[in-house]
Amino acid sequence: MEAAFRADPTIGRDRLKKAAKVGEKKARLFLRRKRRELAGNGDVKRGALLEKVSNLRDAEIEVILRSLKKPEKSQPKHYEWGTESVKFIACGDTHWGHNKSSPDFWWRLCDMAASENVSCILHAGDILEGMSGRPGHIYELDAVGFDAQVDLACSYLNQAPCPIKAIDGNHDAWYQEKGNIGLISGKQIEKMVPHFTHLGQDEATITVNGLEIMLWHGRDGASYALSYRLQKFIEGLSGGDKPHILLSGHAHKSVQLDCRNVQAFEVGTGCSQTKFMRGKKLAAHVGFWVIEAFPNGTGLERIRSEWIPMY
């Protein structure tokens, strides 16, 4: 039993019984003694953990081990852009790595960023395509694996004429969650692109010249009415949690909506209709927004937006 325990201090009763060929009672008493020894040596934390583990089955321990990865929390960030107005490009769902991702989309976005003199590009998630594992998906990829997709994304992002701030979406999170590799896409890109800032996973809120801008990706499905998704999300926000501007990814749609004094946008996509979307009868609105917002010290005075489509 000692050898089995040294090899894996979190071993449960089931595996200890098999490894040491002992009965239920011996395994339980041995783990209890080890727990007390650790607590007596001052390792109370580890002793408490073993106390929990020793009463669990191996399958339950596996569930706990899979859940130990903490979700990445976004941190509030404050910026000052310009003087009278805040001008930026809102985009999302570039899905670099998928063969339907459009290089022309990104080059046009960069041209507009330069010509419109925007302060920043805000990306609402799904920077990478990821690797879902669904049947046939591998044949839709032109970059396979984490390193190849990150390198491809960086080759585009490094060409941007202004800073980029982004959240990770569900496709980006595949490498950390479903792929169980533990890699956070945005954090890796941040190391490789000097003017790229990773704001967090799924959502983040930044404050620019007093205006709160929320980036949200979401993991829900499509809705019949294009505005319904934004409307329901905003209706679910508590009063004190509402941003002035909401930028939403994931849906691959172009929508502008005024709801509960929130100016909300579905930011479109940089990836044309995939085989998955065609099978679900979902359109892809390829394009991005150029947005200029005018703060008044307490909130939003007015807003000017232009949708740039790519047909």
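This tour moves through the structure stop by stop, from one sheet to the other and on to the largest pocket.

The model is predicted, so local features need pLDDT of at least 70 and side-chain atom pairs count only at pLDDT 80 or more, while totals for chains, interfaces and linings use all residues. Residues are numbered from 1 along each chain as its sequence is written, and side-chain values use heavy atoms, with hydrogens and water left out.

**Stop 1: the sheet with strand 11**

Select strands 5, 4, 3, 2, 11 and 12. In that order they form an open sheet of six strands with mixed pairing. Strands here are DSSP runs of E, at least two residues long; helices are runs of H or I, at least four residues long; both are numbered from the N terminus. Two strands pair if DSSP finds at least two bridges between them. Strand 5 and strand 12 are the edges, each pairing on one side only. From one strand to the next the twist averages 20 degrees. Such angles run from 0 to 180 degrees between N-to-C directions, with axes fitted as lines to C-alpha atoms (for helices, over the stretch in contact).

Now pick strand 11, residues 287–295. Nine of its nine residues are buried. Buried means under 20% relative accessible area, exposed over 50%, and partly exposed in between, with a 1.4 Å probe and protein chains only. Colour the two faces. Gly-287, Trp-289, Ile-291, Ala-293 and Pro-295 lie on one side; Phe-288, Val-290, Glu-292 and Phe-294 lie on the other.

Look at the neighbours of strand 11. Strand 2 runs antiparallel to strand 11, joined by five bridges. Lys-87 has Glu-292 as its bridge partner there. Strand 12 (residues 300–309) is also antiparallel to strand 11, over nine bridges. Here Val-290 is partnered by Glu-306. Four residues separate strands 11 and 12 in their hairpin, where Gly-297 takes a positive phi near 100 degrees.

Go back to strand 2. Strand 3 (residues 120–123) pairs with strand 2 in the parallel sense over four bridges. Cys-91 is matched with His-123 in strand 3.

**Stop 2: Gln-201**

Select Gln-201, in strand 5 (residues 196–201). Gln-201 counts as buried because its relative accessibility is 9%. Show the side chain of Gln-176 too. The two side chains make a polar contact of 2.9 Å. A polar contact is a pair of N or O atoms within 3.5 Å; within protein, one must be able to donate a hydrogen and the other to accept it, and residues adjacent in sequence count only if both atoms are side-chain atoms.

**Stop 3: the other sheet**

Select strands 1, 6, 7, 8, 10 and 9. This open sheet follows that order, with mixed pairing. Its edges are strand 1 (77–79) and strand 9 (254–259). Zoom in on strands 6 (203–208) and 7 (211–216), which are antiparallel over six bridges. Ile-206 stands opposite Ile-213.

**Stop 4: the largest pocket**

Select Asp-126, Asn-170, His-171, His-250 and Phe-276. Of the 30 lining residues, these are the closest to the centre of the largest pocket. Its volume is about 720 Å³. A pocket is an open set of points on a 1 Å grid over the protein atoms alone, where a 1.4 Å probe fits, with protein on both sides within 12 Å along at least five of seven lines; lining residues have an atom within 4 Å of a point. The volume is the space filled by probe spheres set on the points, which are joined across faces, edges and corners.
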